[in-house]
Each structure stands twice: as C-alpha cells, then as structure tokens.
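Here is a short set of questions and answers on one protein model. Look at the sequence and the structure, then follow the reasoning step by step.

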Amino acid sequence: MKPIHTFRVTPRLPAPLEPLRAVAHNLRWTWHHATRELFRRLEPELWEATGRNPVLLLGTIAQDRLDAAAADPEFLAHLEAVVRDLDAYLAGGSTWFSSRTETAGSPLIAYFSPEFGVAECLSIFAGGLGVLAGDHLKSASDLGIPLVGVGLLYQQGYFRQSVNAAAWQEEEPELSDFASLPLRLERLPDGAPVTVTVPHPGRNVAAQIWSARVGRVPLYLLDTNVEGNAPEDRVITHQLYGGDVEMRIRQEIVLGIGGYRALEAVGLEPTVYHLNEGHSAFLALERIRRLMDKHRLSFPEAREAAVAGAVFTTHTPVAAGHDYFPPELMAGYLGHYAASFGLPLRELLALGRLDPANEGEAFCMTVLALRMASHSNAVSRLHGEVSRHMWRGLWPGILDREIPIDHITNGVHYLTWLSPEMQALYDRYLGPGWSADPTNGELWRRAQEIPDAELWRVHEARRGRLIRYVRERLRAQLRRRHASPAELDAAEWLLDPTALTIGFARRFATYKRATLLLRDPERLARILNDPAHPVQVLIAGKAHPRDLEGKELIRRIVSLARQEPFRGRLVFVEDHDMALSRSLVRGADVWLNAPRRPREASGTSGMKAAANGVLNLSTLDGWWAEAWDAALERGTDIGWAIGRGIVYEDPDYQDRVEAEALYEMLEQEVVPAFYSRDAEGLPWRWLARMKNAIALLGPVFNTNRMLREYADRFYLPAERSHLGLVADGCAGARSAAEWRARIEGAWPQVRVESVDAEGADQLAPGDELHVRARVHLDALRPDDVTVQLCVGPVGETGELTAFDAIIMKRIGSGRDGRYIFETRVRPGTRGGRHGLTVRVLPSHAALPSPFLPGKVAWAAATG
C-alpha cells in the first residue's frame, strides 16, 4: 500500500555530538582511520549498511544510540581527538606547497574530471580514472596545493552488478539521495541555489552547484536536475557515461563550459586549468570567450593567454577510446562559439581535427585538448611513448620522441589504501613522519628493518580478514539469488585463510585479459588443487553495460568457478566497489595483472597492493614496466613479470605465449616461494620480496610524488606563463598572437636553401665539423626561429632515427630574407655511418615547446 504522504525523520544530534556533523561533511574521513573508526563505533552494522556514509548514518541511526554515545566518556574523548586533528589539518600551517619560495603569490588550479572516486558512497565514478582523480584531490590537500575540483553530480552512479544463473552480468541502477551524502548545495545570500546556464541549441540549460570538501580541497559538482529545465535537459547529469553520442556532447558541454562558469559563480578565478582527459576540453573555448570579453582581446590573443594556463592529461592508449563528435553535431551545439569568436565555423572545428583542412573529419576532444594546452602528458613512461606515436599526425615532420607529450606516472594515495595495521607498522619502523613525506626514499629503506615475524603476522591477519569479508559478500550474493540454506552454510566455510591467495580486480575490458589465467583449465586446476600447496583466486570487476565481450569474459569465469574442480578455489565476487578493492589489495598475497602490452596506460591497482606489501605478478605494461626496470637496475626481487615485454603481431599468439609464462611462473616461482618456510614457519624468500617491494616502490608510486611533479613541472610554469601574458593589459598575449600570425603567414616560404659541411667526407672520432646553412625566412626575423643542425648515426633505412639537435648561430646580416647560420660540432667518438641535416623551428619566449603543429622546415635531401 502506498502512503499518501512521505516525510523524513532525522535523529537529533545531542549537543556534545554536534561536531560530528562537520566531521561527516569533510571527506578527509576517507583517509583517516581514526575518523572512520569513530563512525563505525556508533553502530557497526549500520555503518556497513549505509555504505560507510557518515551523513546517512547520522540521519538513520536510532536516537537512543546517539544519546548513549553523548554520555560515553570514551566516545567523547575519541570525538574530541578527531575534531582536534581535523582542525589542525585544515588550519594548514606549513605545507609542502606553502614552503616553496616561488609560490609567494596566490595561484589556483582548477582540476576538471568527468568522474571522481573519493568515497564509495559518492557514486560518481566508474573505475580507475575516477579513483585516480579522487586520489589527486587528496594529495593536493595533504600538500597544501591550492586546487579545486570540478565535475558532474550524477543522479545514477555506474551500476550495481549481479550475476544471474546463466553467469551473465546484470546491471541495477543505483540512485543517489543527495541530501544523504556529504554534499552541500551552494546558495546565494538569500538562500536560493547558485546556478549557471549553459548554451544548448535554441535554449539555455541551468545547472545548480553542489560542493564537497576533500580535506582542504573543495570539489564542485554540477547538477542539471533543476526546475525550469526541460525533461530532456534534467537528465543530462542523470547517468555516468550513459546515453548516446548526443548525450555525451551535452554532458561535456555542461562539464567544460558549465564548470568554468560554476567557478566564476562561486567567486573563484583559477590561473591554471587541468583537464583530466579530454571530456572537459570545451572549457578552453569558454575561457577564450571570457578573456576576449574581459580584456577586449581578439580570438588569437585570448587563445595565447588561455593555452598558456592549461594542462592536459591523457589516459587512453587506443584511438577508439577518445571522444569524437560528427561535424554536424558540433555545428548545432558549438556553432555559436564560432560567431562569438568572429571565426568561420570551419576554423573552430579545425581545432579538433588532426587535419585542419579535412572538413569531413570528426571533431576529437583529445585533439582539442592537445591544441589548447601548454603542457600535455601521459600517465606512465610507456604510455608516453604510445601517446606520442598515436598523436604524431598533429606534429608532422618531427620524431616521435620530440612530440610535446610528456609523462608523469600515476600514483595512489597511500593513506586511503593502506590497512590500519600496515600504517601502524610503517609508523613504527619508518617513523611517524613517513606519511607527511612519502617520497623520502631514506625512510622507505627502513622497511628492511621490519622483523619478518611481525610483518608476516600482520599480513596473515589481513588475509584472514579478506577471506571473512569475501565470505560475507558471497553469502549476500547467494541470498539475492534465494539460495538454499545448505548453500548459505557452505559459503560460510568457503576459501582457506592460510592458502596462497591471488587477487584480480579490474574493469572487464578485453585488453586486460581477465581470462588469461583460464586459458588451460586443466593446468590451472592442478595448480589450485595441489593438496600440499593450495592456491585460490579471487576475481572482481564490472563490464560496461554495452560491452558484450567484457560480459562474456565474466560469464566464462563464473561458469568455470561453478564447476567442481574450481569450486571454492576460483571465486568471482560480484559488485566490485572501493570497499572490495581495499580488502583485496590489503589481504591478497599476489596481485595479478595481465594487460596486453602496450594497452595499459598506467594501472594503479597494483600500486595499491604494493603499498600493502602484496607482491605483483604482471605483464610488463604501464607502471609495472617502470617498476620492473628499476628493480633490475638494482638487482632487487620485488615480484614477478609475465613474459619479457615483447609485443607480437598476432594477439592470440601473444596470449598463448604469456599464458604459458604465467603458468610456469606460478608453478616454478610463486607457489614454491610462498610455501618454502624456515624453522619458524616463515616464508623467508617471500618476506624478502615484500620488503624489497615496499622499500623500492614506496617512495615513487604515490600521488604525493605525482602531485609534486605536476606542481613543479606544469602548474607553476603554466601559472607564470599565463600571468606573464595577461600582465600590462595583456601586452604579452597581444605580442605572442602577432608573432604567431607572422609565423602562419610566412611559414610556407621558409626553407633551408643550402647546407655546406666542411670536412664531412671523412672524419676521425673527435674531429670537428663546420656546418653552414643558408636559410630563407621570407618576412620573418632570425629571432623568430631556431635553426638546428641535426647530426647522428644513420640507420639501416638511411634515416636519422636519433640525433643531437645543435642550435646554429646567425652570422652577418641577411639580404632578401636570406640568412647564414653556422655551428661547429664534434659528432662523437663512435665510428660508423653518420648523417646530418638542418631544420628550422619557430621560436618565441612564450612557447613551452619549440614544436608547433606543422611548423618545421627541413633541408631537402639531395641524394
């Protein structure tokens, strides 16, 4: 029977507990064990039932439990300590960022992302991209970096996953009640919500702004489900990654353009904008428009200022994974920007095309972001190589290694992912200051001093806790399927808390090869069911609702797990979420990762496992390729590599080779190392690897190190560049635009007319080479360009595949636009066939990179 009226009953917080409200609304509790324990202490079962959401907990707990807590001296002492710690944290004091002399001004970085994984109860993320964004905010807070996050507040998160009797994934939407989340609606002084409007064809769409506090960092989230919007507009922020290509462009307009306007609406004016993936790249257009209005600039002038203060991070190593929009869709939704810029539509659309002249080419958000950022980066060393090769069409005429896409390897926020026991162990042996400076290698080397017995005792306790947690989840799965009492009882004893436990939890994309371990079922069954050395595998992960291939992988795993040789040894845990991830990366013995190289941009689940002393068993892709190389350089065992990092043309052959390598590694290395025990029953070889991994990987693969790199290499240089261009009435931006216009006009006539190399016929090692080049610059001045001598070994194809670029100096005055440049160089001490050539590049003090798309003039080869 339906009620005729609904209402909310909210428990009253007793006065002594009133500070709980502020504590609950600051998401620092997601990485502060004492705070989470405080809420769990109120009512443990309800804490879990509410999805570890303290706001919902306080809104649904029984009044008598609150009253009892208010009269409990121990609870009040715990609360007082938590409040005191939070207040001290928020007060700031001396932070890494504030201690830097070059940050005497007031920079502000705006970090835009389509998803943020800060807490499982705030379901606005789908996977690794969002969790990384959440960790980014947390480390920015810890370091005192003045940063603000901007995203979308989805009414419906990713989805709740279940697996039916046919082993097929089913999805159930999960709707969020924003009033029960650690969020606040931004309001005007009169109490009305703060809103912004975003242009859509024939109308404006309104969005209200919610905020969350992530430690010291605010996170602003846009919500279009507001009165006054048409029904089709109210659902723009309804579902994460939902709908068709038109819904995607509408979401990205709200994120980019609406997000920029939202910051203005709350009184913030960032100097640097960081685009986490290309989804928010439309913000570059809005920033240009606002700079034009504010400073009365032309489009080229405003573009110079906007680009200078923009940073772009790409996470996608395959071209098909980037957003592309048809030209007609772009014209309908963004054509008005061309008019406001005073540009033909084709010139606006050219900003998102590899070939600006190809009017049939789709508009790519990544291309727009690359063109509109002064600093672009991939998220691991190998991903940097992949990205430079993928987008080489934007910079024709230069080597892949010169393409201005750098890399900053991802990391994880340790305090979020470490178990309380492991954190206590680090506090004891690394020293309590390790968490304030997790990049300090000296501190991490103290991990070697942790007693074997103590480390193993902590690890075994965490494995036992993982097994108990998985059993609880499996029983919940069975209850949802109305399993019999016998099946429920059997689940209570499923899995062995002493057996070697392998964890795998990833998004079920095919390239991640979740079924590589299953390629030879009979061999796997023998490994798992060895009575003396048992092994068990825990697998979790979701496939995108439209990814039938990913769902098929899940079906294969679940079907196999239900068969007798694998029952109880191979387990698929449904509904992968942050809580399950934490349990797995803390309690597994081995973290399995098997992406097909080079398809993994970085991968962070293995970093979370490594932080907890869990050993990685992975193909040499993403971050693990870097970690493995570092270990080889030091002669240190930190885990295991599957294969040798070779990429084969035939994917099936690669799978066959690496599956064989995986089985051999398990049989000959992993299992024996785990079960080889000393007189005290300790796996001494295993523990040595754990300590090595902690000591070597700890100071590197964390977001503290990652954020320091972003600040030093990108944020601060971008801020200085942007402020320099807008100073003095934007004189720098006007000058840079005038220079770029001269480059664009004259470049078709720029050429290297001749190159003379004295003594180049026969050189001995160490001999000097004198090179002169005559260059035609048309209307350009010599200081508008850099002329370089490129010299190096010649490969089998007759090409210079690697070379040194030496700047040549102008000599004498020019005539008719022609100038002479020269240099002297000693090609090196190695013999063999060498070559040289000369090239011309644009040069301007405001350029972060000497390589502008399509602007390189090479000397013509003569033979």
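Two strands count as paired if DSSP finds at least two bridges between them. The model discussed here is predicted.

Q: What is the order of the six strands in the open sheet?
A: The sheet is open, and its pairing is parallel. Its six strands run in the order β17-β16-β15-β18-β19-β20.

Q: Which strands stand at the edges of this sheet?
A: An edge strand has a single partner strand, so one side of it is left without a neighbour in the sheet. Two strands fit: β17 (570–573) and β20 (639–642).

Q: Which residue of β17 is the bridge partner of isoleucine 539?
A: Strand β16 covers residues 535–540 and pairs with β17 in the parallel sense. Four bridges link β16 and β17. For isoleucine 539, the bridge partner in β17 is phenylalanine 572.

Q: At about what angle does helix α27 run to β19?
A: Helix α27 spans residues 684–697. It lies across β15, β18, β19 and β20. Its angle to β19 is about 80 degrees.

Q: Is lysine 551 buried or exposed?
A: Lysine 551 lies in helix α22 (residues 548–561). Its relative accessible area is 6%. Buried means under 20%, so lysine 551 counts as buried.

Q: Which residue's side chain makes a polar contact with the side chain of lysine 551?
A: Lysine 551 touches several residues beyond four places away in sequence, including Trp168, Glu171 and His544. A polar contact joins two side chains at 2.9 Å. The partner of lysine 551 in it is glutamate 171.

Definitions and conventions
Residues are numbered from 1 along each chain as its sequence is written. This is a predicted model: local features need pLDDT of at least 70, side-chain atom pairs count only at pLDDT 80 or more; totals for chains, interfaces and linings use all residues. Side-chain values use heavy atoms; hydrogens and water are left out. Contact means heavy atoms within 4.5 Å. Axes are lines fitted to C-alpha atoms, for helices over the stretch in contact, and angles run from 0 to 180 degrees between N-to-C directions. Buried means under 20% relative accessible area, exposed over 50%, partly exposed in between (1.4 Å probe, protein chains only). A polar contact is a pair of N or O atoms within 3.5 Å; within protein, one must be able to donate a hydrogen and the other to accept it, and residues adjacent in sequence count only if both atoms are side-chain atoms.
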